[in-house]
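Colleague: Could you walk me through the inside of this one, as a close look at a single part? I'd like the nonpolar core and whatever sits around it.

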Amino acid sequence: MALEVAEELSAAAWLSVAEVGWMRVVTFGPASFSAYARLRYLPDPVRPGMRESEVRLPARWTTEIDMARAALEALAGYSSSTRDCHVCVWEGGAAFRSAALTRGAMVDLGHRRYVLFTGTLDDLAGWGDLFDSAVCSAPAFVWPADHAWCFASDVDPHWAGIGADRGVVDRLVADRNLDVVRADPDEPQPTYY
């Protein structure tokens, strides 16, 4: 099976809640969780003013999409509805194989618009099939229908935000296969320049 474009956008309404600013939503998801974390695609900067281009990574560094898949696989066990998930892709960050995808109804969060897909977490195995490029970024948002957690990966930060129950965040942080750290969405996060 593959992810399918959602014609009806009500499943994404919880992302549009006005209680927090758009940047907070696109980096951490809704403000309804008891805990938050960051999945680091790159190590955090070690000095002020550091640029991403200065980061020295091992030759066999895991890709962003593979890191996201590993985190989502870990999150799958903390929802009763991973057979019914929603995925948003930012219209400006993807070269879709079908240009028609950006001509339909889109989730609008003010400064970003997204194509909404439905499917299962297993459908993310074929994620790259949606795009023209062999290299693809992580989805902008992924969440199960029961809203047990939210994975948010904006184009600008070097990390993805995860909102969930405190116990789930604790287990993600303790998972040696993931580079996850606790985060407070109301505080400034480490940034490359």
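Modeller: Sure, let's start at Leu39, which touches Met67, Ala68, Ala71, Phe151, Trp159, Ala160, Ile162, Asp179 and Val180, leaving out residues up to four places away in sequence; contact here means heavy atoms within 4.5 Å. Bear in mind that this is a predicted model, where local features need pLDDT of at least 70 and side-chain atom pairs count only at pLDDT 80 or more, while totals for chains, interfaces and linings use all residues. Residues are numbered from 1 along each chain as its sequence is written, and side-chain values use heavy atoms, with hydrogens and water left out.

Leu39 belongs to the largest nonpolar core, which has 36 residues; along with Phe117, Trp127 and Phe151, Leu39 touches the most other members. By nonpolar core I mean a set of buried Ala, Val, Leu, Ile, Met, Phe, Trp, Tyr and Cys residues joined through side-chain atoms within 4.5 Å. Buried is under 20% relative accessible area, exposed is over 50%, and partly exposed is in between (1.4 Å probe, protein chains only). At least two residues of this core come from each of β2 (35-40), α2 (64-76), β3 (85-90), β5 (113-119), β8 (159-164) and α3 (166-174). The biggest contributor is α2, with six residues. Those labels are DSSP runs numbered from the N terminus: helices are H or I with at least four residues, strands are E with at least two. A separate core of 21 residues lies apart from this one, and its members include Ala12, Val25, Leu116 and Trp143. In soluble globular proteins, nonpolar side chains tend to be buried together.

Now for α3, where Gly167, Val168, Val169 and Leu172 are buried. Their cover includes β2, α2, β8 and β9 (180-183). At the N-terminal end of α3, Asp165 acts as a cap, with a side-chain oxygen 2.8 Å from the backbone nitrogen of Gly167. That pair fits the polar contact rule (N or O atoms within 3.5 Å; within protein, one must be able to donate a hydrogen and the other to accept it, and residues adjacent in sequence count only if both atoms are side-chain atoms).

Stepping back, the protein has three helices and nine strands, in the order β-α-β-α-β-β-β-β-β-β-α-β along the sequence. Of its 193 residues, 47% count as buried. Among contacts between residues at least 6 apart in sequence, 74% join residues at least 24 apart.
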